[in-house]
Amino acid sequence: MTTVTDRPPAPPARRRRLLYRLRVLRHEPTAAMGLILVVILLYLVVAPLFAVISDAFRVQFGDQVHAMQQPGEWTGYYLWRVFRSQISGLLFWEPLLNTVVVALGTVLFALVVGGGTALLVTRTNLPFRKFLAGALVVPYMLPSWTFSLAWLTLFKNERAGGEAGVLQAAGIRTPDGLAYGAVPIIFTLGLHYYPFVFLLVGNALRRIDSQLEDSARILGAGRATVLRRITAPLMLPALSSAVLLVVGRVLGTFGTPYILGLPADYRVLSTGLYQSIRDRSTGVASVLATVIVIIGVLVVVGDMRLMREQRRFVTVGGKGAMDRLADLRGWRWPAAITAGMVLLVSVVVPVLTLALSTVMRTPGVWRADNFTLDFWLADSLPGAVGFPHGVLRGSELWNAAWNSLAIVGSAALICGVVGLLVGYVVVRGTAPRMGAFLRQVSFLPYLIPGIAFAAASLSLFAVARGPMPALYGTTILLVMVMAVTHLPYSSRSGIAAMMQLGREPEEAAQICGASWWSRMRLIVFPIQKGALVTGVVLPFISGLKELSIVIMLTTTGTQLLTTLSINLVDYGYTQLANAVVLMIAAVSFTMTYLAQRLTKSSLASGLGG
């Protein structure tokens, strides 16, 4: 018989609590998973920003003579060099002014083209409205530097060297100001970004009840009064948001200013940052990256404030709300021709120009003996040194294609899964502060222009730090950076999806004894497969045509399709670069189309209907 004194002693209270928490953790590891995600995001998102800011205030190796301090010491030398030295104009002030000029010019172009076409498609009886609503967003599906390469093919003169442009070959000498610099950069970026304005303004116009404008006219208000007192206040938030989004995109873009600005030594902040990295001026690059980050954050924060302000201007309507179309009368077909010209210039002409250039020895010469498939299929190209064969020959293209698919695909898969897990922790977690932290930090990369975040990641991972080895030139760094920069889209998709899923299916499975992993595998992932697919496909499409993020992170062994095309531009092989860009554009467009069919959605959904 066992007495009370013979029983084993009860474990201490602290040990009992620990055992209980371990049992709970085994069955409900949401808190532990949230903690792991917090640590990962702190290291991959926040730490690079601190690293690049730290490098801006510490003496870098090789600068100790100029800074008159030892490497690693705190210094203001780089701030002085960028903002106050004799070369500060070349390093910062001139690129800043050029960036402002390009941004304002691109915004004005995008507002006129995007806003005008949105008004025609959504508020008038324009012919082919439904077709134009979908076709006018195609320019955004193409890589941004597609238009700059097409421009270069048409207007290139002898200043850049290499093969002459179409006009030059026809005997028409194009001035430098038309071939390179601010004008072509603004025009080509405007062609790429006007779909932003088209979508935002078009959706805002579609939500305006036309009865409000009709009522004002019945009461005697003129067209100017209706526009000023009714339409403008309702449209102002959408217009302001479009302006800020275009400015933010232009701030971080690299390919177009590099291709069209380099021959004229026309630098913007993004190309200045890239040049500083190439010159191994780490401290200067860190200051420039910090400035770009600050401007990018201010732009997106301003956009968020405007979106909140938009709630002040809402249309109250129900079954009586009307979307009456204005009758263009005799202007219907002139307006349709104008919209068709926009589509022709922004899609047909660039793609056709690139395609024709790849089958011509000399662009613009229309003789039969000038047409060739050598730039696609030749085993050897006369005079070509860095890329001595057609793009489909040799291993360069296929290695770059494999790297693109493998790296972008891995990053997209990680992005989709992590985004859904972030959504799960934010919605299902019992720690509100952890959920709020994950929500904000997972969105932080959206605030930072891509090239600046790449510079920040390079600052952290270019050298060994503690147990982490140097990752520069590895596929691991490319996968990490691309996954993190596209995480805002997948995390927002995951949060929205999890908020729509009740707890009941999981609770029922838990009562039946299912483990957490079984519940995720058999319930959450299958139910949320749509959000998971969206969180994978969208980063994959965006990553395939990404250049600003990867241009500073790739090496010879990690070449991607996008960086291969830029390297061919550097070699002066315009036709070969055009061929690679056409392949990127074809894959990007096809994947976008399949994604829209898969998700049963459209970028222009509701416009032109």
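A kink of about 40 degrees is present in helix α17, centred on L344, where the bend at a residue is the angle between axes fitted to the seven residues ending there and the seven starting there. The model is a predicted one, in which local features need pLDDT of at least 70 and side-chain atom pairs count only at pLDDT 80 or more, whereas totals for chains, interfaces and linings use all residues. Residues are numbered from 1 along each chain as its sequence is written, and side-chain values use heavy atoms, with hydrogens and water left out.

Helix α17 comprises 26 residues (332–357) and reaches 36 Å from its first C-alpha to its last, close to the 38 Å expected at 1.5 Å a residue, the expected span being 1.5 Å times one less than the number of residues. Among the residues of α17 that are buried (under 20% relative accessible area, with a 1.4 Å probe and protein chains only) are A335, A339, V342, S346 and P350.

The axes of helix α15 (residues 269–278) and helix α21 (residues 450–461) come within 10 Å and cross at roughly 20 degrees; these axes are lines fitted to C-alpha atoms over the stretch in contact, and angles run from 0 to 180 degrees between N-to-C directions. The two helices α15 and α21 are therefore roughly parallel to each other, a description that applies to angles under 35 degrees. The contact (heavy atoms within 4.5 Å) is made by S270, L273, Y274 and I277 of α15 and by I451, A452, A455 and L458 of α21.

In the protein, buried residues make up 50% of the 609 residues.

Key:
Helices (H or I, at least four residues) and strands (E, at least two) are DSSP runs, numbered from the N terminus. Angles under 35 degrees count as roughly parallel, over 145 as roughly antiparallel, 65 to 115 as roughly perpendicular and the rest as oblique.
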